[in-house]
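Welcome, and please have your viewer ready. We will go from one selection to the next and look at what each one holds.

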Amino acid sequence: ACTRPDISHATSVLARFVANPGMPHYNAIMRMLVYLKTTRDLGLIFETPKKNVGIEVYADANWCTQFSTSGALYYFDGDLFAWYSRLQRSICHSTAEAEYISASAAAREGIFHREVACDFDELPPGPSSLLLDSKSAIDMCFDPVAFKKTKHILRDAHFLRDTVAREVFKPSHVSSEKELADIMSKAVARPIFLALRHHLVRQLK
C-alpha cells in the first residue's frame with residue numbers, strides 16, 4: 001500500500017469484499033500476489049527533482065457503477081509521493097459529474113500537500129497543476145454559473161471554483177492516454193497498464 005501504487009485500484013476493489021469473500025475474490029488475490037512476485041524488482045524511485053515544477057495532481061474517475069471510483073496521483077518536482085483509489089460517497093448522474101467530484105476531492109487533499117511544501121519553503125509561486133481528461137469538468141471549474149444539471153453538486157462546485165479563482169490550482173486538460181490517474185480509477189487493458197505503470201513504479205537499481 002505504501003510502495004506499490006500500481007496495485008492501489010485492485011487493493012481498493014478487493015477490500016470491499018473483506019466481510020463476505022468468495023472464490024472469485026480469492027482467485028483475484030492470488031493473481032495479484034503472483035503479479036507482485038513477478039514484479040518484485042519494481043518500486044518507487046526518487047530521482048533528481050525537476051526544478052520549480054512543484055505539485056502536480058492527476059485526477060480521474062470511473063463512472064460505470066452505482067458509486068464511481070476516484071483516483072488521484074500527486075507528484076512533487078516530478079516524483080510520485082502520494083496516491084489513492086477510493087469509492088465516491090455520492091451517486092453521480094454523469095461522467096462529467098463523477099470527474100468533477102473526483103477533481104474536487106483531489107484538490108482538497110492537494111491543498112494539504114501544498115501547505116506542507118510551503119512550510120518547508122519548497123512551493124514555487126503560482127497555482128499547482130490539476131490535470132484532468134474531462135473537458136466538461138474543466139469547464140465547470142471556471143464557469144461561475146451553476147447549470148441546471150449541476151445544482152445538486154453545488155457544494156463541491158463552490159469549493160473547486162473558489163480554489164481555482166484563488167489560483168491555488170489551475171485545471172488543465174490532458175489526453176486520456178496521458179491521464180496517469182486512469183490506472184487508479186479502473187481496470188485497464190494490459191498495454192495501457194504497462195505504459196502507465198512506468199510513471200508510477202520503475203525497476204529498482
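Which strands does helix α1 lie across? Select residues 8-15 to find out: helix α1 lies across β3 and β4, and runs at about 25° to β4. Before going further, note that this is a predicted model, in which local features need pLDDT of at least 70 and side-chain atom pairs count only at pLDDT 80 or more, while totals for chains, interfaces and linings use all residues. Residues are numbered from 1 along each chain as its sequence is written, and side-chain values use heavy atoms, with hydrogens and water left out.

Helices (H or I, at least four residues) and strands (E, at least two) are DSSP runs, numbered from the N terminus. Angles run from 0 to 180 degrees between N-to-C directions, with axes as lines fitted to C-alpha atoms, for helices over the stretch in contact.

Stay with α1 and colour S8, H9, S12 and L14: these residues are buried (under 20% relative accessible area, 1.4 Å probe, protein chains only). Their cover includes α2 (23-38), β3, β4 and α6 (182-185).

Next, show the sheet. This open sheet has five strands in the order β4-β3-β2-β5-β6, with mixed pairing (two strands pair if DSSP finds at least two bridges between them). At its edges are β4 (79-87) and β6 (169-173), each pairing on one side only. Now zoom in on β3 (residues 69-76), which is joined to β4 by eight bridges, the two running antiparallel. Here Y74 stands opposite A82 in β4. Helix α4 (residues 135-142) also packs on the sheet, where it touches β5 (128-132) and β6 (contact means heavy atoms within 4.5 Å). The direction of α4 makes about 150° with that of β6.

Add helix α3 (residues 95-119) to the view. The axes of α3 and α4 come within 8 Å and cross at roughly 60°. The two helices are therefore oblique to each other (neither under 35 degrees, nor over 145, nor 65 to 115). To see their contact, select A96, E99 and Y100 of α3 together with S136, A137, M140 and C141 of α4.

For the last stop, where is L123? Look in the loop between α3 and β5. L123 has 23% relative accessibility and so counts as partly exposed. Leaving aside neighbours within four places in sequence, L123 is in contact with R114, A117 and C118. If you pick C-alpha atoms, those of L123 and H113 are separated by 9.7 Å, and the two residues are 10 apart along the chain.

Technical notes:
Buried < 20%, exposed > 50% of the residue type's maximum accessible area, 1.4 Å probe, protein only.
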